[in-house]
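Please open the model in your viewer and keep the sequence panel beside it. The tour below moves from one selection to the next and says what is found at each stop.

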Amino acid sequence: MIAWIGGRQTGFDDTGQGDPVVFVHGFPLRRSIWVSQVDALSDRARCVVPDLRGFGESEAVDPCTMDRYADDVVELLDHLGIARAVVCGLSMGGYVAFALWRRHPSRIRALALLGTRAGADSDAAAIRRRELLALAADRGSAGVADAMMPGMLGKSTRERNPGIADGIHALLESAEVPGISGALHAMLGRPDSTPTLGTITVPTVIVVGDEDVLTPVAESERMHAAIPGSRLEVISGAGHLANIERPAAVNHVLGEFFASLHLT
Ligand code: MLT
């Protein structure tokens, strides 16, 4: 659905009943990546799934910041009358989750961090981002899709499930340049969240595919060591988009996590 929130067009879904969980997508994706999780989990949780600015049906702002994305999530929660939610962020959605924790900790009941990392961009990563910015300006989203595809899915998925690869490529290609550019600036400018990890006091589960080359397992292990009381779940045979590559396994982990929180 679409709503005008803070004067701008926002696309989101609000499905199911119970305690709220907000699912935040990665780059350069959109809310539809969570369809399997919403299908499986909306019988026990109210699943709120926004498009971040410039993706899907949400209006772009370029450049954007992680803080802006985080504040947008809170404005959506306000719009829906939700005081506190479990925040489930994938990759860039995890960077948004860290910004949410820094800015609005009272709005977070628990965290699920999928295929993400705490650190800011290294010099090499910043160079790659600037190359992607140039590619987006030059070749549009098709160029960005081609450049990003090799890292998005695990080896097992690429070998056994080429249909998933086709679907993800189409999704990447459908992203619009202002959204891509806004997000690249947001990621370039994001702070190092490593010091944030030790401040997290809500229940946290960290999920990563064992074939993730963009945010390798070692990144999740470091977060697990630094976030007090966190759980780490490694999904075998999955890459960066574990929730799409092995949805049943990820849904099982999230379902157990929600049960441990006694979500109604
Ligand atoms: C994502 O999946 O959101 C991106 O790969 C994150 C990043 O490029 O750092």
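**A covered strand**

Begin by selecting strand β7, residues 204–209, which is mostly covered, six of its six residues being buried. Bear in mind throughout that this is a predicted model. If you display the side chains of the strand, you will find that Thr204, Ile206 and Val208 point one way from β7, while Val205, Val207 and Gly209 point the other way, and that all are buried.

**The neighbours of β7**

Next, add strand β6, residues 108–114, which runs parallel to β7 and is joined to it by four bridges. A useful pair to label here is Ala112 with Val205, its bridge partner in β7. Then select β8, which pairs with β7 in the parallel sense over five bridges; on this side, the bridge partner of Val207 is Glu233 in β8.

**The whole sheet**

Now widen the selection to the sheet, an open one in which eight strands follow the order β1-β2-β4-β3-β5-β6-β7-β8, with mixed pairing. Its edge strands are β1 (2–5) and β8 (231–235), each of which pairs on one side only. Neighbouring strands of the sheet are turned by 25° against each other on average, with direction ignored. Within the sheet, pick out β3 and β5, which pair in the parallel sense over four bridges, and label Phe23 together with Cys88, its bridge partner in β5.

**From β5 into α3**

Follow the chain out of β5 (85–90) into the loop that leads to α3, where Ser91 is found. The phi of Ser91 is near 55°, which is a positive value in a residue other than glycine, and Ser91 is buried, with a relative accessible area of 9%.

Continue to helix α3 itself, residues 92–103, whose twelve residues reach 17 Å from the first C-alpha to the last, close to the 16 Å expected at 1.5 Å a residue. Ten of these twelve residues are buried, so the helix is largely enclosed by the rest of the structure. To see this, colour the buried residues of α3, among them Met92, Tyr95, Phe98 and Trp101.

**The largest pocket**

Where should you look for the centre of the largest pocket, and which residues are closest to it? Display the pocket as a surface if your viewer allows this; its volume is about 690 Å³. Of the 35 residues that line it, the closest to its centre are Arg117, Ala125, Arg128, Arg129 and Leu214. Helices α3, α4 (123–152), α8 (194–197) and α9 (217–226) each supply at least two residues of the lining, and α4 gives the most, with eleven residues. If you colour the lining by class, you will count 19 nonpolar, eight polar and eight charged residues.

**Two cis peptide bonds**

For the last stops, turn to the loops. Select Phe27 and Pro28, between which the peptide bond is cis, with omega near -15°; Pro28 has its place in the loop between β3 (20–24) and α1 (35–41). Then go to Asp62 and Pro63, where the peptide bond from the one to the other is cis, with omega near 0°, and note that Pro63 is found in the loop between β4 (46–50) and α2 (66–79).

Conventions: Residues are numbered from 1 along each chain as its sequence is written. This is a predicted model: local features need pLDDT of at least 70, side-chain atom pairs count only at pLDDT 80 or more; totals for chains, interfaces and linings use all residues. Side-chain values use heavy atoms; hydrogens and water are left out. The expected span of a helix is 1.5 Å times one less than its number of residues. Buried means under 20% relative accessible area, exposed over 50%, partly exposed in between (1.4 Å probe, protein chains only). On a 1 Å grid over the protein atoms alone, a cavity is a set of points where a 1.4 Å probe fits but cannot get out, and a pocket is an open set with protein on both sides within 12 Å along at least five of seven lines; lining residues have an atom within 4 Å of a point. Grid points are joined across faces, edges and corners, and a volume is the space filled by probe spheres set on the points. Ala, Val, Leu, Ile, Met, Phe, Trp, Tyr, Cys and Pro count as nonpolar, Asp, Glu, Lys and Arg as charged, and the others, Gly among them, as polar. Two strands pair if DSSP finds at least two bridges between them. Axes are lines fitted to C-alpha atoms, for helices over the stretch in contact, and angles run from 0 to 180 degrees between N-to-C directions.
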